[in-house]
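Visitor: I am new here and would like a tour. Could you show me the molecule and explain how each label is earned?

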Amino acid sequence: MEYLLSQEQAQSAANSLGEGLTPDELEKEIESLRLAVYRLLYGESQKVDIDISLLARRAYLLATLVYSKSPEYDSEITGRALSVSALIFEYLIGVSNNDEERLNYTLNAILFYSRGEQEAQSVTLANKVLIDGRVDYFSTDLNIQLAWRMIFHFLSRNFKELLTWEQKSSKDLFNRLSELHDDGLFWVQLLQGCLCVAKLMVWSSKSDYEKYFNDSIRLATILGNTRLKWLSLMVKEIAERISSRSILLRLT
(Lines give C-alpha, C1' and ligand atoms only; values in the text may rest on other atoms or scores of the structure.)
Protein backbone atom coordinates (compact mmCIF):
# COMPACT_ATOMS: atom_id res chain seq x y z
CA MET A 1 0.00 0.00 0.00
CA GLU A 2 1.56 3.28 -1.12
CA TYR A 3 0.24 5.43 1.68
CA LEU A 4 3.45 7.45 1.88
CA LEU A 5 6.44 8.29 -0.24
CA SER A 6 8.54 5.31 -1.24
CA GLN A 7 12.32 5.51 -1.55
CA GLU A 8 11.92 5.76 -5.33
CA GLN A 9 9.48 8.65 -5.03
CA ALA A 10 11.77 10.44 -2.59
CA GLN A 11 14.73 10.04 -4.95
CA SER A 12 12.62 11.23 -7.86
CA ALA A 13 11.65 14.29 -5.87
CA ALA A 14 15.26 15.04 -5.10
CA ASN A 15 16.19 14.69 -8.76
CA SER A 16 13.25 16.76 -10.00
CA LEU A 17 13.20 19.59 -7.49
CA GLY A 18 16.29 19.16 -5.39
CA GLU A 19 18.45 21.31 -7.62
CA GLY A 20 17.40 24.33 -5.81
CA LEU A 21 14.08 25.90 -5.58
CA THR A 22 14.92 29.16 -3.89
CA PRO A 23 12.38 30.48 -1.37
CA ASP A 24 10.99 32.77 -4.09
CA GLU A 25 10.72 29.87 -6.53
CA LEU A 26 9.05 27.75 -3.87
CA GLU A 27 6.51 30.53 -3.28
CA LYS A 28 5.67 30.44 -7.00
CA GLU A 29 5.30 26.65 -6.95
CA ILE A 30 2.99 26.85 -3.95
CA GLU A 31 0.79 29.48 -5.54
CA SER A 32 0.72 27.62 -8.86
CA LEU A 33 -0.53 24.47 -7.12
CA ARG A 34 -3.00 26.39 -5.00
CA LEU A 35 -4.46 28.03 -8.11
CA ALA A 36 -4.68 24.68 -9.88
CA VAL A 37 -6.71 23.14 -7.04
CA TYR A 38 -8.96 26.18 -6.68
CA ARG A 39 -9.71 26.01 -10.40
CA LEU A 40 -10.71 22.38 -9.97
CA LEU A 41 -12.79 23.08 -6.89
CA TYR A 42 -14.53 26.29 -7.90
CA GLY A 43 -14.00 26.79 -11.62
CA GLU A 44 -16.07 25.53 -14.50
CA SER A 45 -14.90 21.95 -14.51
CA GLN A 46 -15.51 21.41 -18.20
CA LYS A 47 -13.05 24.19 -18.97
CA VAL A 48 -10.36 23.00 -16.58
CA ASP A 49 -7.69 20.84 -18.19
CA ILE A 50 -5.39 19.57 -15.44
CA ASP A 51 -3.62 16.21 -15.35
CA ILE A 52 -4.76 14.65 -12.04
CA SER A 53 -1.86 12.21 -11.85
CA LEU A 54 0.58 15.05 -12.45
CA LEU A 55 -1.12 17.11 -9.76
CA ALA A 56 -0.71 14.27 -7.25
CA ARG A 57 2.93 13.89 -8.20
CA ARG A 58 3.59 17.59 -7.72
CA ALA A 59 2.00 17.40 -4.27
CA TYR A 60 4.31 14.51 -3.33
CA LEU A 61 7.32 16.32 -4.70
CA LEU A 62 6.50 19.56 -2.92
CA ALA A 63 6.11 17.85 0.44
CA THR A 64 9.35 15.93 -0.06
CA LEU A 65 11.19 19.07 -1.08
CA VAL A 66 10.35 21.06 2.04
CA TYR A 67 11.47 18.17 4.22
CA SER A 68 14.69 17.45 2.36
CA LYS A 69 15.52 21.16 2.20
CA SER A 70 13.84 22.31 5.42
CA PRO A 71 16.89 24.16 6.82
CA GLU A 72 16.64 26.53 3.87
CA TYR A 73 12.96 27.39 4.33
CA ASP A 74 11.37 29.13 7.28
CA SER A 75 8.46 27.58 9.17
CA GLU A 76 5.90 29.85 7.50
CA ILE A 77 6.69 28.84 3.93
CA THR A 78 7.06 25.18 4.97
CA GLY A 79 3.61 25.31 6.57
CA ARG A 80 2.08 26.80 3.41
CA ALA A 81 3.75 24.20 1.22
CA LEU A 82 2.42 21.32 3.33
CA SER A 83 -1.04 22.87 3.47
CA VAL A 84 -1.19 23.04 -0.33
CA SER A 85 -0.03 19.41 -0.57
CA ALA A 86 -2.76 18.45 1.91
CA LEU A 87 -5.36 20.41 -0.06
CA ILE A 88 -4.42 18.54 -3.23
CA PHE A 89 -4.67 15.16 -1.53
CA GLU A 90 -8.03 16.07 -0.03
CA TYR A 91 -9.28 17.01 -3.50
CA LEU A 92 -7.97 13.72 -4.91
CA ILE A 93 -9.96 11.77 -2.30
CA GLY A 94 -13.14 12.93 -3.96
CA VAL A 95 -12.15 12.21 -7.56
CA SER A 96 -10.50 8.81 -7.14
CA ASN A 97 -12.55 5.67 -7.81
CA ASN A 98 -10.07 3.35 -6.07
CA ASP A 99 -10.74 2.71 -2.36
CA GLU A 100 -7.12 1.92 -1.51
CA GLU A 101 -5.89 4.98 -3.37
CA ARG A 102 -8.44 7.18 -1.63
CA LEU A 103 -7.24 5.95 1.75
CA ASN A 104 -3.65 6.70 0.78
CA TYR A 105 -4.64 10.23 -0.20
CA THR A 106 -6.57 10.65 3.04
CA LEU A 107 -3.61 9.71 5.22
CA ASN A 108 -1.34 12.08 3.33
CA ALA A 109 -3.88 14.90 3.71
CA ILE A 110 -4.18 14.23 7.46
CA LEU A 111 -0.42 14.19 8.02
CA PHE A 112 0.29 17.28 5.93
CA TYR A 113 -2.63 19.29 7.32
CA SER A 114 -1.32 18.46 10.80
CA ARG A 115 1.99 20.08 9.90
CA GLY A 116 0.53 22.89 7.83
CA GLU A 117 -1.80 25.79 8.42
CA GLN A 118 -5.11 23.92 8.80
CA GLU A 119 -4.65 21.50 11.67
CA ALA A 120 -8.39 21.37 12.42
CA GLN A 121 -9.03 19.86 8.99
CA SER A 122 -6.56 17.09 9.83
CA VAL A 123 -8.58 16.19 12.93
CA THR A 124 -11.83 16.20 10.94
CA LEU A 125 -10.46 13.85 8.28
CA ALA A 126 -8.96 11.47 10.86
CA ASN A 127 -12.31 11.22 12.66
CA LYS A 128 -14.09 10.46 9.38
CA VAL A 129 -11.74 7.55 8.70
CA LEU A 130 -12.43 6.14 12.16
CA ILE A 131 -16.19 6.61 11.91
CA ASP A 132 -16.60 4.94 8.53
CA GLY A 133 -14.21 2.11 9.37
CA ARG A 134 -11.86 2.70 6.46
CA VAL A 135 -8.86 2.59 8.79
CA ASP A 136 -9.15 -1.21 8.78
CA TYR A 137 -8.32 -1.26 5.07
CA PHE A 138 -4.67 -0.51 5.86
CA SER A 139 -4.08 -4.17 6.68
CA THR A 140 -5.82 -7.54 6.62
CA ASP A 141 -4.12 -8.47 9.90
CA LEU A 142 -6.27 -7.73 12.93
CA ASN A 143 -3.32 -6.70 15.10
CA ILE A 144 -2.03 -4.19 12.57
CA GLN A 145 -5.57 -2.94 12.02
CA LEU A 146 -5.87 -2.19 15.73
CA ALA A 147 -2.48 -0.47 15.73
CA TRP A 148 -3.59 1.76 12.87
CA ARG A 149 -6.85 2.50 14.66
CA MET A 150 -4.95 3.77 17.70
CA ILE A 151 -2.72 5.90 15.48
CA PHE A 152 -5.82 7.49 14.00
CA HIS A 153 -7.22 8.14 17.46
CA PHE A 154 -3.99 10.00 18.13
CA LEU A 155 -4.24 11.94 14.85
CA SER A 156 -7.84 12.87 15.66
CA ARG A 157 -6.77 13.96 19.15
CA ASN A 158 -8.97 11.34 20.86
CA PHE A 159 -6.53 11.10 23.74
CA LYS A 160 -9.01 9.75 26.30
CA GLU A 161 -9.89 6.92 23.93
CA LEU A 162 -6.21 6.05 23.70
CA LEU A 163 -5.80 6.02 27.47
CA THR A 164 -8.91 3.89 27.99
CA TRP A 165 -7.53 1.40 25.49
CA GLU A 166 -4.17 1.39 27.26
CA GLN A 167 -5.77 0.43 30.57
CA LYS A 168 -7.98 -2.28 29.08
CA SER A 169 -5.99 -4.10 26.43
CA SER A 170 -2.82 -2.41 25.19
CA LYS A 171 -0.50 -5.01 26.78
CA ASP A 172 -2.25 -7.82 24.90
CA LEU A 173 -1.76 -6.04 21.59
CA PHE A 174 1.87 -5.22 22.34
CA ASN A 175 2.56 -8.86 23.17
CA ARG A 176 0.93 -10.08 19.97
CA LEU A 177 2.72 -7.51 17.84
CA SER A 178 6.09 -8.39 19.36
CA GLU A 179 5.58 -12.13 18.88
CA LEU A 180 3.87 -12.31 15.51
CA HIS A 181 5.18 -9.50 13.32
CA ASP A 182 8.58 -8.53 11.97
CA ASP A 183 7.62 -4.87 12.36
CA GLY A 184 5.82 -5.48 15.67
CA LEU A 185 8.37 -3.65 17.81
CA PHE A 186 8.10 -0.66 15.49
CA TRP A 187 4.36 -0.41 16.16
CA VAL A 188 4.85 -0.90 19.90
CA GLN A 189 7.33 1.98 20.14
CA LEU A 190 5.22 4.25 17.94
CA LEU A 191 2.10 3.60 20.01
CA GLN A 192 3.97 4.01 23.29
CA GLY A 193 5.05 7.46 22.11
CA CYS A 194 1.45 8.35 21.27
CA LEU A 195 0.32 7.16 24.71
CA CYS A 196 2.94 9.32 26.43
CA VAL A 197 1.69 12.40 24.58
CA ALA A 198 -1.90 11.49 25.45
CA LYS A 199 -0.98 11.30 29.15
CA LEU A 200 0.72 14.65 28.89
CA MET A 201 -2.35 16.28 27.36
CA VAL A 202 -4.96 14.63 29.61
CA TRP A 203 -3.15 14.23 32.92
CA SER A 204 -0.20 16.63 32.53
CA SER A 205 2.00 13.59 33.04
CA LYS A 206 5.42 14.53 31.73
CA SER A 207 7.42 11.78 30.04
CA ASP A 208 10.14 11.23 27.48
CA TYR A 209 7.87 10.53 24.53
CA GLU A 210 10.62 11.42 22.07
CA LYS A 211 12.55 8.30 23.07
CA TYR A 212 9.74 6.06 21.82
CA PHE A 213 9.35 7.91 18.55
CA ASN A 214 13.11 7.88 17.97
CA ASP A 215 13.15 4.14 18.62
CA SER A 216 10.34 3.61 16.10
CA ILE A 217 12.26 5.64 13.52
CA ARG A 218 15.40 3.59 14.22
CA LEU A 219 13.49 0.30 13.89
CA ALA A 220 11.87 1.37 10.62
CA THR A 221 15.33 2.27 9.33
CA ILE A 222 16.67 -1.17 10.30
CA LEU A 223 13.70 -2.79 8.53
CA GLY A 224 14.42 -0.69 5.45
CA ASN A 225 10.78 0.43 5.43
CA THR A 226 10.78 3.99 4.07
CA ARG A 227 7.03 4.44 4.50
CA LEU A 228 7.00 3.44 8.16
CA LYS A 229 9.99 5.68 8.79
CA TRP A 230 8.14 8.59 7.16
CA LEU A 231 5.08 7.84 9.28
CA SER A 232 7.18 7.89 12.45
CA LEU A 233 8.84 11.16 11.52
CA MET A 234 5.50 12.80 10.78
CA VAL A 235 3.80 11.52 13.94
CA LYS A 236 6.78 12.66 16.02
CA GLU A 237 6.52 16.17 14.56
CA ILE A 238 2.78 16.25 15.22
CA ALA A 239 3.45 15.11 18.81
CA GLU A 240 5.93 17.95 19.25
CA ARG A 241 3.37 20.48 18.04
CA ILE A 242 0.69 19.07 20.33
CA SER A 243 2.90 18.88 23.40
CA SER A 244 4.25 22.41 22.88
CA ARG A 245 0.75 23.65 23.73
CA SER A 246 0.62 21.80 27.02
CA ILE A 247 0.17 24.03 30.07
CA LEU A 248 2.58 21.77 31.95
CA LEU A 249 5.40 22.45 29.50
CA ARG A 250 4.76 26.17 29.59
CA LEU A 251 5.15 26.15 33.37
CA THR A 252 8.38 24.13 33.44
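Visitor: How many helices and strands are there in the protein chain?
Guide: The protein chain has 12 helices and 0 strands. Helices (H or I, at least four residues) and strands (E, at least two) are DSSP runs, numbered from the N terminus. From the N terminus on, the order of elements reads α-α-α-α-α-α-α-α-α-α-α-α. Please keep in mind that this is a predicted model, where local features need pLDDT of at least 70, side-chain atom pairs count only at pLDDT 80 or more, and totals for chains, interfaces and linings use all residues. Residues are numbered from 1 along each chain as its sequence is written, and side-chain values use heavy atoms, with hydrogens and water left out.

Visitor: Why is histidine 181 called buried?
Guide: Buried means under 20% relative accessible area, exposed means over 50%, and partly exposed lies in between (1.4 Å probe, protein chains only). Histidine 181 has 18% relative accessibility, so the residue counts as buried. Its place is the loop between helix 8 (159-180) and helix 9 (184-203). Across the protein chain, buried residues make up 52% of the 252 residues.

Visitor: What makes the link between the side chains of histidine 181 and asparagine 143 a polar contact?
Guide: A polar contact is a pair of N or O atoms within 3.5 Å; within protein, one must be able to donate a hydrogen and the other to accept it, and residues adjacent in sequence count only if both atoms are side-chain atoms. The two side chains are joined at 3.4 Å, so the distance falls within the 3.5 Å limit. Contact in general means heavy atoms within 4.5 Å. Not counting residues up to four places away in sequence, histidine 181 touches Asp141, Asn143, Ile144 and Arg176.

Visitor: Which label fits glutamate 240, buried, partly exposed or exposed?
Guide: Its relative accessibility is 30%, so glutamate 240 counts as partly exposed. Glutamate 240 sits in helix 11 (residues 226-243). Leaving aside neighbours within four places in sequence, glutamate 240 is in contact with Tyr209 and Glu210. The C-alpha atoms of glutamate 240 and tyrosine 209 are separated by 9.3 Å, and these residues are 31 residues apart along the chain.

Visitor: How do you know that cysteine 194 is in no disulfide?
Guide: A disulfide is a covalent bond between the sulfur atoms of two cysteines. Here, the rule asks for a pair of cysteine sulfur atoms within 2.5 Å, and the count comes to 0 disulfides. For cysteine 194, the nearest cysteine sulfur is that of cysteine 196, 9.4 Å away, so the pair does not meet the 2.5 Å limit. Cysteine 196 is in no disulfide either, with the sulfur of cysteine 194 as its nearest. Cysteine 194 is buried, with a relative accessible area of 0%, and cysteine 196 counts as buried at 9%.

Visitor: Why is serine 204 called partly exposed?
Guide: Serine 204 has a relative accessible area of 40%, which means that the residue is partly exposed. Serine 204 lies in the loop between helix 9 and helix 10 (209-223). Its phi is near 55 degrees, a positive value in a residue other than glycine.

Visitor: What about arginine 157, buried or exposed?
Guide: Arginine 157 counts as buried because its relative accessibility is 18%. Arginine 157 is in the loop between helix 7 (142-155) and helix 8. Although not a glycine, arginine 157 has a positive phi of about 65 degrees.
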